[in-house]
Each structure stands twice: as structure tokens, then as C-alpha cells.
Amino acid sequence: MARTILLTGYEPYGREAYNPTGVIARSLDGRRIGGARIRGVQIPVAVESAGPRLRRLVRDLEPYGVLSTGVAPGRSHVSVERVALKVLDFRIPDNRGRKYRDKPIHAGGPAAYFSTLPVRRILAAYRAAGVPAELSNTAGTYLCNFAMFTVLDALATSRRKAPAGFIHVPQTPEASRDRPGQPSMDLATTRRAVVIALREIARARKPR
């Protein structure tokens, strides 16, 4: 049986009428990459629904690995995230109109999780492919950080071992036209970046 890698992306939110990560996740659903079957899912930009959905996916799929993705308008590179913090602190409301301030994601547990993805190998693969990329030490405190923390916590509390983490991608040029000078990345390059990360996850050993 082929390994399953869970790939999540987000729906549009706030003033972002387009979110490439949800589009890419849906487009890769059912594909085989690096010998693994991809389960691509678009996640709602809302804590109350995204949290249970992510935990249910991890529980039901028992994935070999998990790659969560989100768009970061203003960034020029694909950002491979290293740390997820146990905090919700929103600049704008989520898609249900909820705005959290200094709120722990849940009671108990660690204050942060480190990515268990092969981050250096992913970055090296990006360099080899000519994809602009960087290692980032902050996934923010919005829904992207929430997804990363929730997945890693779901794996930890269920005692499952799997390479899991998060990458941020730039917004597309089309969605950035009303913001002159904002960095962007075309959808084809962004999709290639996601595929490269998935391929490295398929090759990775499970964390000890």
C-alpha cells in the first residue's frame, strides 16, 4: 500500500480574494509523488472549524507525513517554517469573525513545537531547482501557525511519528495587482515548490 502524505492549504481570507495554497492542495489530491499518495485538502480559515478538521484528518489518515501550507502576502520567498507557537494573536479576524488576542491554542502541553520536516533537505532541493526559499523562525500567530501547531500536537498526543511542518508561499502576481511593489510568485513556481517539499517528505525517515 502506498504511503499517504496529507497536504493542507487554506481558503481565501480577509482582503485576499485568492489563496494559492488551497488551489494547489485540491489540484494535487489523489496524485502520486515520490511513491506517496497525496491527500490534498483545503482548510477553512477559522479556528473553531480548522482545528477539529486537522485533528480528524491526522487521526483518520494516519499519514506518513504532513505538509501544511499558507499564503504570506508580502513575502518574496517560499518560507520553510521551523517553529510553531502555542498562541493565537490575530491582526485581523478569521473567516468567522473571531479575533483572538494572547490566547493559548489549548491548555497544557508545550509552548512550541519544532517542525519535524527535513527542512535543510527541502531548502537544498529548492536551491537546486532555482526556487527562491528561506528558513523562517516564525510562522506568525494567525491561522498558519495554528495549523502547524495543531498538526504537530495531534501527532505528539497520539504518539504517532511523522515528518510534519509548514511552508509559507508568496501571493500570486494576479492577486497582488492592487498593491504595487508587493513581492509575488507565479502559481506554477509555487506549485513546483510544494511538489518538491512533498517529494522530500516521501523520502524522509520518520522522526524518532
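This report describes the sheet, a helix pair, an aromatic cluster and some single residues of a predicted model.

Residues are numbered from 1 along each chain as its sequence is written. In this predicted model, local features need pLDDT of at least 70, side-chain atom pairs count only at pLDDT 80 or more, totals for chains, interfaces and linings use all residues, and side-chain values use heavy atoms, with hydrogens and water left out.

**The sheet**

Helices (H or I, at least four residues) and strands (E, at least two) are DSSP runs, numbered from the N terminus. Two strands pair if DSSP finds at least two bridges between them. Seven strands form an open sheet with mixed pairing. Their order is S2-S3-S1-S4-S9-S5-S8. S2 and S8 are the edge strands, and each pairs on one side only.

Three of the pairings are set out here.

| Strands | Sense | Bridges | Opposite residues |
|---|---|---|---|
| S1 (residues 3-10) and S3 (residues 36-43) | parallel | eight bridges | Thr-8 and Val-41 |
| S2 (residues 32-33) and S3 | antiparallel | two bridges | Arg-32 and Arg-37 |
| S5 (residues 78-81) and S9 (residues 164-169) | antiparallel | two bridges | Ser-79 and His-168 |

Helix H1 (residues 20-28) packs on the sheet. H1 touches S1, S2, S3, S4 and S9. Contact means heavy atoms within 4.5 Å. The direction of H1 makes about 150° with that of S1. Axes are lines fitted to C-alpha atoms, for helices over the stretch in contact, and angles run from 0 to 180 degrees between N-to-C directions.

S2 and S3 also form a hairpin, with two residues between the strands. Gly-34 in this hairpin takes a positive phi near 60°.

At the other edge, Ser-136 lies in strand S8 (residues 133-136). Ser-136 has a relative accessible area of 8%, so it is buried. Buried means under 20% relative accessible area, exposed over 50%, and partly exposed in between (1.4 Å probe, protein chains only). Beyond its neighbours within four places in sequence, Ser-136 is in contact with Arg-75, Ser-79, Val-80, Glu-81 and Arg-82.

**Helices H2 and H4**

The axes of H2 (residues 47-61) and H4 (residues 143-157) come within 9 Å and cross at roughly 35°. Residues of H2 in the contact include Val-47, Leu-54 and Val-58. Those of H4 include Leu-143, Phe-146 and Val-151. The contact residues divide into 10 nonpolar, three polar and two charged. Here Ala, Val, Leu, Ile, Met, Phe, Trp, Tyr, Cys and Pro count as nonpolar, Asp, Glu, Lys and Arg as charged, and the others, Gly among them, as polar.

**Aromatic pairs**

Rings of Phe, Tyr and Trp (its six-membered ring) pair if their centres lie within 6.5 Å; planes under 30 degrees apart count as stacked, over 60 as edge-to-face and the rest as tilted. The count comes to four aromatic pairs. The rings of Phe-90 and Tyr-100 have centres 5.2 Å apart and planes at 85°, so this pair is edge-to-face. Phe-90 and Tyr-100 are 10 residues apart, in the loop between strand S6 (83-85) and strand S7 (112-114). Both residues are buried. Ring pairs link Tyr-13, Phe-90, Tyr-100 and Tyr-142 into a cluster.

**Positive phi outside glycine**

Glu-62 has a positive phi of about 45° although it is not a glycine. Glu-62 sits in the loop between H2 and strand S4 (65-71). Its relative accessible area is 54%, so Glu-62 is exposed. Asp-102 also has a positive phi, near 50°. Asp-102 is in the loop between S6 and S7. At 58% relative accessibility, Asp-102 counts as exposed.
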